[in-house]
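Dear colleague,

Please find below the structure that I am handing over to you, together with its sequence. My findings follow directly after it.

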Amino acid sequence: MRFRRNLCSSLFTPNPNQKLSNTLLNPFMAGQTLNLSSASPPTNGHDTNDDALCSSEITTPPPSEPLASSLGRPNGHLTGEARIERAWAHWNGLGRPKLIVAPMVDNSELPFRMLCRKYGAQAAYTPMLHSRIFSENEKYRSQEFSTCKAYRPLFVQFCANDPDLLLEAAQKVEAYCDYVDINFGCPQRIAKRGYYGAFLMDNLPLVKSLVEKLANGLNVPVSCKIRIFPDLQDTINYAKMLEEAGCALLAVHGRTRDEKDGKKFRADWKAIKAVREAVRIPVLANGNIRHIEDVWQCMEETGVEGVLSAEPLLENPALFAGYRTAEWVSGHEEICKDGELDQAQLLVEYLNFCEKHPVPWRMIRSHVHKLLGDWFRIHPHVREDLNKQSKLTFEFLYGIVDRLRELNARIPLFVTDDNRNNTSVAQT
C-alpha cells in the first residue's frame, strides 16, 4: 500500500493536472477555494454545505459581514479612545488567537495554512502580495491568492509604496479576510529595489499615508508588521505613529532591518515588550519562536496577545501542536519522546491539501525541500532526483516519500511529557 492512502484518502480525488479556475460561481460552496481572478464578493456568506476539509472548530464572521461593517468603516471619523475600543472589539470578536502563521513569500499559501491550522495554528497571514501587480493582473490574483471560508481569522498582507494602489488592491480582498496587513518588515534586497517593506522606515510620512489611506477606506481593520529600529525610542515613536494613523493591530519582529539571519541574530523581546507597553492596540511578537515552549515564554516576557512563527513552521508545521524537531531536543532528552509523527507524514498531508486546493508548483517544491531537508542530507541522491525534475507531479512526490520510507530514513518529531496529551487532538 502506498503511503498516501493512509491519510485523508476518502477526502481527496487526486488530479495532478488540475489548475486554478478563472471563474468561481460560488467560491464558498462545498468548501471550494476562492480565487480573485473574476470572482465578486459573495452576497451571502451563510452557506451550509462546507465539506469536511473546510469545516473548522473556530467560528468567525462570514466573509460578506466583516466584524466592523455594522458600525461603518473601522476608523472613519473615529479618533482616540473610540478607535482603540474598536480595535479591541474586533480582536476580541475573533477570539484573540495566540498561535499565528507568519507571512512568508511563496510559503504561507492556503494548503500550508490549512496544514498549520490542523496542527494548532489559530490564525494565519497570506504570503506577501504586491499591491500594484495584484490590482492590475488577473493571472497574478488567481495564482497568488486563495482562501477558504473556514480558515479564518486571516490576514491578507500587501507590500506597497502608493496609497491609492494599495487601497485598490485591498478592496479586492477585504470581504474575505479579518485584517488587511501592510508589510513594513521585509528586509530583503528585492524590497530595497522595489522600495517597500522595511525600506520604508526611511520615509515615515509615506508609511503614515499608506496606513491612513487603508484605515479610512476599508470595512476591515488595518494591521501592520514592522521591524525595530536600532534605537528603542525610534521604535516606540514609530509604533505610536502607526497607531495614530489607524493601525488596529501591530506585529513586531524583534530584529532590525540589517539583522536578516534569524539564526545569527536573536530577536529582541525587550523591545517588543516596550512597544506593547507604549501603544494601546493589540500587539503580536515575531522572532525566536522555535517550539511551543518559546511561545509561552515570549508571551510571558513581552505581554503580547500572540506570536508569529515563520521559518521554524516551514520545517515543522506541527510546532504549535507541541512537536519539536531533533534540533531542539538537545538538553531535554530525558523528557522528549517520539511523537509518532514525522515530516514525511506532514508532507503527505500538505500534498493532499494541494490536490484539493491547487497552488503554483514552485511553492510545492519549496515545501518539499524544507520538510525533507534533514532526510535529504542522509540520502542526497533522492534530493538530486527531485532537483532533476523540471516538471513535478503528485505521483512523483508521493513516490519520494515512499523511497525514503524504504530507505528507513525516518526522523521523528518529538514531544515533551507535558505536551504528549495535547498532540493527539491535532492528529484526529
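A salt bridge is counted here where a side-chain nitrogen of Lys or Arg lies within 4 Å of a carboxyl oxygen of Asp or Glu. By that criterion, the structure holds 18 salt bridges. Please note that the model is a predicted one, and that every value below was computed from it.

Overall picture and confidence

The protein has 428 residues, of which 57% count as buried. Its secondary structure consists of 17 helices and 13 strands. Among the contacts with a separation of 6 or more, 72% are between residues 24 or more positions apart. The exposed area comes to about 18,100 Å², with carbon and sulfur atoms supplying 48% of it.

The mean pLDDT is 83, and 78% of the residues reach 70 or more. Over residues 38-72, however, the pLDDT stays under 50, although the model has 81 contacts beyond four places in sequence for this stretch. Residues 420-428 likewise have a pLDDT below 50, with 15 contacts in the model beyond near neighbours in sequence. Where pLDDT is low, the predicted coordinates should not be read in detail.

Salt bridges

Side chains of opposite charge can pair when their charged atoms come close. I describe three such pairs.

In the pair of arginine 96 and glutamate 305, the N to O distance is 2.8 Å. Arginine 96 is in the loop between helix H1 (80-93) and strand S2 (99-101), while glutamate 305 is in the loop between helix H10 (292-302) and strand S11 (306-309); the salt bridge therefore ties together parts that are 209 residues apart in sequence. Is each partner buried or exposed? Arginine 96 is partly exposed, at a relative accessible area of 35%, whereas glutamate 305 is buried, at 12%.

A second salt bridge joins glutamate 136 to arginine 132, at 3.3 Å from N to O. Both belong to helix H3 (residues 131-136) and, because they are four residues apart, about one helical turn separates them. Glutamate 136 counts as exposed, with 55% relative accessibility, and arginine 132 is partly exposed, with a relative accessible area of 37%.

In the third pair, aspartate 342 meets arginine 405, and the closest N and O atoms are 2.8 Å apart. Aspartate 342 belongs to strand S12 (residues 336-342) and arginine 405 to helix H16 (residues 394-406), so this salt bridge links parts that are 63 residues apart in sequence. Aspartate 342 counts as buried, at 0% relative accessibility, and arginine 405 is partly exposed, at 22%. Through shared partners, salt bridges join Asp338, Asp342, Arg405 and Arg410 into one network.

Helix H10

Which residues of H10 are buried? They are Ile292, Asp294, Val295, Cys298, Met299 and Thr302. Viewed down the axis of H10, the buried residues fall within an arc of 150 degrees, so they line one face of the helix. The elements that cover them include S2, helix H9 (269-278), strand S10 (283-286) and S11. After H10 comes glycine 303, whose phi is positive, near 75 degrees. Glutamate 305, the buried partner of the salt bridge with arginine 96, lies in the loop that follows H10 and leads to S11.

With kind regards

Technical notes. Residues are numbered from 1 along each chain as its sequence is written. This is a predicted model: local features need pLDDT of at least 70, side-chain atom pairs count only at pLDDT 80 or more; totals for chains, interfaces and linings use all residues. Side-chain values use heavy atoms; hydrogens and water are left out. pLDDT is the predictor's confidence in each residue, from 0 to 100. Contact means heavy atoms within 4.5 Å. Helices (H or I, at least four residues) and strands (E, at least two) are DSSP runs, numbered from the N terminus. Buried means under 20% relative accessible area, exposed over 50%, partly exposed in between (1.4 Å probe, protein chains only). The arc is that of the directions from the helix axis to the C-beta atoms. Accessible areas come from the Shrake-Rupley method with a 1.4 Å probe; for residues, only the protein chains shown count as cover.
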